Amino acid sequence: MDKNTIEKSMANKKNKLNTSYNISNNFEYVKSNISLLQAIELYGFMPVKKGSHYFIVCPFHADKNPSLAIYEDVYHCFGCQTHGDVIDFVARYFNLTPSEALEKLAQDFGIDLPSKKQKKKFKRQALKTQKDDKLYKEYIRKYNEVYDYLCNLNQLYTKIKQAVEKPDDINIPEFVEACHMHDLIQYWIDLLLEGNIEDKIHVIKEVLDWKIKMK
Ligand SMILES: [Zn+2]
């Protein structure tokens, strides 16, 4: 990779900063935004591709051939068996503590570490998303329940209506009731299928209340 490519990929990484809500600590935050390969290149190494992985001359032992392999998130040296992730690499190479390595990476890649306030905000958003997901799942579950229930009733009342044989039967209360119910049920089904979200929620609520009353 030449410098331009690296800069471009760095810029890309910055634009696509991973702000997923589960970032509970800065280590994960930095690791999810800086790849090991990018860091190794930024600090002056020239990875060479051997097979499906990149290798560099290991800075942690007297290495002649590139024997430090770079995997997606970790490196491993086949000479001195050193092994770790991007933070570990930077800490070891620059003789820093992990926290110092973290700060260095963030600074060198122009990443603002989330402040305590931002982290709190992420957490709040995460909780809200969880809550929304739960509500939505609940809504879908009820929607399906109500829809199935209405379809069964629809079939039942269709059968009752079909059971009418003589013209006089039209006046029997069960038939009148079935006709009325059938219309209502079809109206509810139409709203469930084609109404807007408020209509659907309204129908779900109404049908569930009604179901309780019918018991
Ligand atoms: Zn080594």
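Before anything else, one term: I'll say two residues are in contact when their C-beta atoms, placed from the backbone, lie within 7 Å. Hi everyone, and please keep in mind that what you see is a predicted model.

Let's start with helix 4, where that term comes in. The buried residues of this helix are Val86, Ile87, Phe89, Val90 and Ala91. So what covers them? The cover includes helix 2 (26–33) and helix 3 (36–42), along with strand 4, strand 5 and helix 5. While you have those residues on screen, here is a handy reminder: an α-helix has 3.6 residues a turn, so residues three or four places apart point the same way.

How does helix 4 sit on the strands? Helix 4, residues 86–94, lies across strand 4 and strand 5, and its direction makes about 115° with strand 5. Look just past the end of helix 4 and you'll find Asn95, which takes a positive phi of about 55°.

Now to the sheet itself. It is an open sheet of 5 strands in the order 1-2-3-4-5, with antiparallel pairing. Strand 1 (48–50) and strand 5 (83–85) are the edge strands; each has a single partner, so one side of each has no neighbour in the sheet. On average, neighbouring strands here are turned by 30° against each other, ignoring direction.

If you'd like to zoom in on one pair, try strand 3, residues 68–70, and strand 4, residues 74–77. These two run antiparallel and are joined by 3 bridges. In that pairing, Leu68 stands opposite Cys77 of strand 4.

Let me step back to the whole chain for a moment. We have 8 helices and 5 strands, and from the N terminus the order reads α-α-α-β-β-β-β-β-α-α-α-α-α. Of the 215 residues in the chain, 17% are buried. Among contacts with a separation of 6 or more, 44% are between residues 24 or more positions apart.

One last stop, and it's a single residue. Phe109 is in the loop between helix 5 (98–108) and helix 6 (116–162). Is Phe109 buried, exposed or partly exposed? Phe109 has 16 C-beta neighbours inside 10 Å, so it counts as partly exposed; a buried residue would need 20 or more, and an exposed one 12 or fewer. Phe109 also makes a nice link back along the chain: Gln38 is 71 residues away in sequence, yet the two C-alpha atoms are 9.5 Å apart in space.

That's my tour, and thanks for listening!

Terms used:
Residues numbered from 1 in each chain as written. Predicted model: local features only at pLDDT ≥ 70, side-chain atom pairs only at ≥ 80, totals over all residues. Helix = DSSP H or I, 4+ residues; strand = E, 2+ residues; numbered from the N terminus. Pairing = 2+ DSSP bridges. Axes fitted to C-alpha atoms, helices over the stretch in contact; angles between N-to-C directions.
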